[in-house]
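Pull up the model and have a look around with me. We'll start at the metals and work our way outwards.

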Amino acid sequence: MDDPRNRLTRDGIRIYEANDYAGMRKAGELAARILDEIGPLVHPGQTTAEIDRRIETMVDEAGATSATIGYKGYRHASCISVNHVVCHGIPGGKIPKWKNDPHPRADDTLMDGDILNVDVTVIVDGWYGDSSRMYVAGAVKPYAERLIKVTHDALMRGIEAVRPGNSFGDIGFAIQSYVEAQRMSVVRDFCGHGLGRVFHAPPNVLHYGRPATRETLEPGMFFTIEPMVNLGRPETKVLSDDWTAVTRDKHLSAQFEHSVGVTETGVEIFTLSPAGKFFPFAS
Ligand code: MF3
Ligand code: CO
Ligand code: CO
């Protein structure tokens, strides 16, 4: 795991080599292709368990490994976070009732108007590709559509701040200032992370912050940016299953995630959609 070819910064951030980008590209492309291909599966009446099964099959068929199966006791190839679930929704788990649900549900079946994040992490030749995006089941409500667009644009503004000499605080500031100007809120309780030949490594990539603070970006740094944006308040809580994170006020939440690398001149996105379906709706 500790490859002597890669040096660490003072803050413990690994600096990868020029050849390592190819490994990240392959892993990122698989994660993106899987997210492209599940689009048509998302519709009212579908279950999150079935979407996850199809993801696991695609990972297997690619000869890759799921990074999440067996990770800290997690048992699924994806996280599927519906409506006010912020992240780490468990496929097959009962979908919790959010503010505007007409009635509680018994199971994991999607209903018309649901919005959901699907998050997939794969390992290809030892490299990790981690990406998530939003889908909608049936007809999306205008306020939900706006939340999804703002969340996507927040991620892209964060990515635009990635270049050597900028800082992680610049990324957080780009995201937070945009989201709050739209009168939405940024989740503080979860963050992006370094990755590469490991799933979660330093630094914590915060989606809020002040310009020119925190670590300086250098070529060879690989990490995710994965802002979670809430229509209401930023506070979250984790349900008794120990995974599912929800908004405390039960208003909607959305998230997009890319794995990126800092290059000599800017940024490379490893998890770009081969079909151009990252946004708007993958389905
Ligand atoms: N893919 C998630 C991330 O973006 C992590 C999921 S860990 C799991 O970091 F165990 F919940 F799957
Ligand atoms: Co991640
Ligand atoms: Co992820």
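How far apart are the cobalt ion (ligand 2) and the cobalt ion (ligand 3), and which residue coordinates both? The two ions sit 3.3 Å apart, and the shared residue is Asp-130. Keep in mind as you look that this is a predicted model.

Asp-130 lies in strand E7, which covers residues 127-136, while His-193 belongs to strand E9, residues 192-194, so this pair ties together parts of the protein that are 63 residues apart in sequence. Neither residue is out on the surface: Asp-130 is buried, with a relative accessible area of 2%, and His-193 counts as buried too, at 5%.

Now zoom in on the cobalt ion (ligand 2). Its coordinating residues are Asp-130 through OD, His-193 through NE2, and Glu-226 and Glu-257 through OE, at 2.0 to 2.2 Å. If you want to find these donors in the sequence, look for the spacing D-x62-H-x32-E-x30-E. What about the geometry? Ideal angles for six octahedral donors would be 90 or 180 degrees. The six donor atoms around the cobalt ion (ligand 2) make angles of 51 to 161°, and the site is irregular.

Next, turn to ligand 1. Which residues are closest to ligand 1? Of the 14 residues that surround it, the closest are Thr-68, His-193, His-200, Glu-226 and Glu-257. You have met some of these already: His-193, Glu-226 and Glu-257 also coordinate the cobalt ion (ligand 2).

The polar contacts are worth clicking through one by one. A polar side-chain atom of Glu-226 is 2.8 Å from an oxygen atom of ligand 1, and one from the side chain of His-193 is 3.0 Å from an oxygen atom of ligand 1. Asp-119 joins in as well, with a side-chain N or O atom 3.1 Å from a nitrogen atom of ligand 1. How much of ligand 1 does the protein bury? Taken alone, ligand 1 exposes 340 Å², and the protein buries 96% of that.

Finally, zoom out to the whole protein. You should be able to pick out four helices and 17 strands. The radius of gyration is 18 Å, close to the 19 Å that the globule rule gives for 283 residues, so the protein is as compact as a globular protein of that length. Along its principal axes, the C-alpha trace spans about 55 × 45 × 35 Å. Of the 283 residues, 58% are buried, and Asp-130 and His-193 are among them.

Technical notes. Residues are numbered from 1 along each chain as its sequence is written. Chains are lettered from A and ligands numbered from 1 in the order in which they are written. This is a predicted model: local features need pLDDT of at least 70, side-chain atom pairs count only at pLDDT 80 or more; totals for chains, interfaces and linings use all residues. Side-chain values use heavy atoms; hydrogens and water are left out. Donors are N, O and S atoms within 2.8 Å of the metal (3.2 Å for Na, K and Ca); water is not among the atoms, so sites may look incomplete. Four donors count as tetrahedral if all angles lie between 85 and 135 degrees; four count as square planar and six as octahedral if opposite donors are over 155 degrees apart and all others between 65 and 115; anything else is irregular. Helices (H or I, at least four residues) and strands (E, at least two) are DSSP runs, numbered from the N terminus. Buried means under 20% relative accessible area, exposed over 50%, partly exposed in between (1.4 Å probe, protein chains only). A residue is near a molecule or strand if one of its heavy atoms lies within 4 Å of it. A polar contact is a pair of N or O atoms within 3.5 Å; within protein, one must be able to donate a hydrogen and the other to accept it, and residues adjacent in sequence count only if both atoms are side-chain atoms. Accessible areas come from the Shrake-Rupley method with a 1.4 Å probe; for residues, only the protein chains shown count as cover. The radius of gyration is taken over C-alpha atoms; the globule rule is 2.2 Å times the number of residues to the power 0.38.
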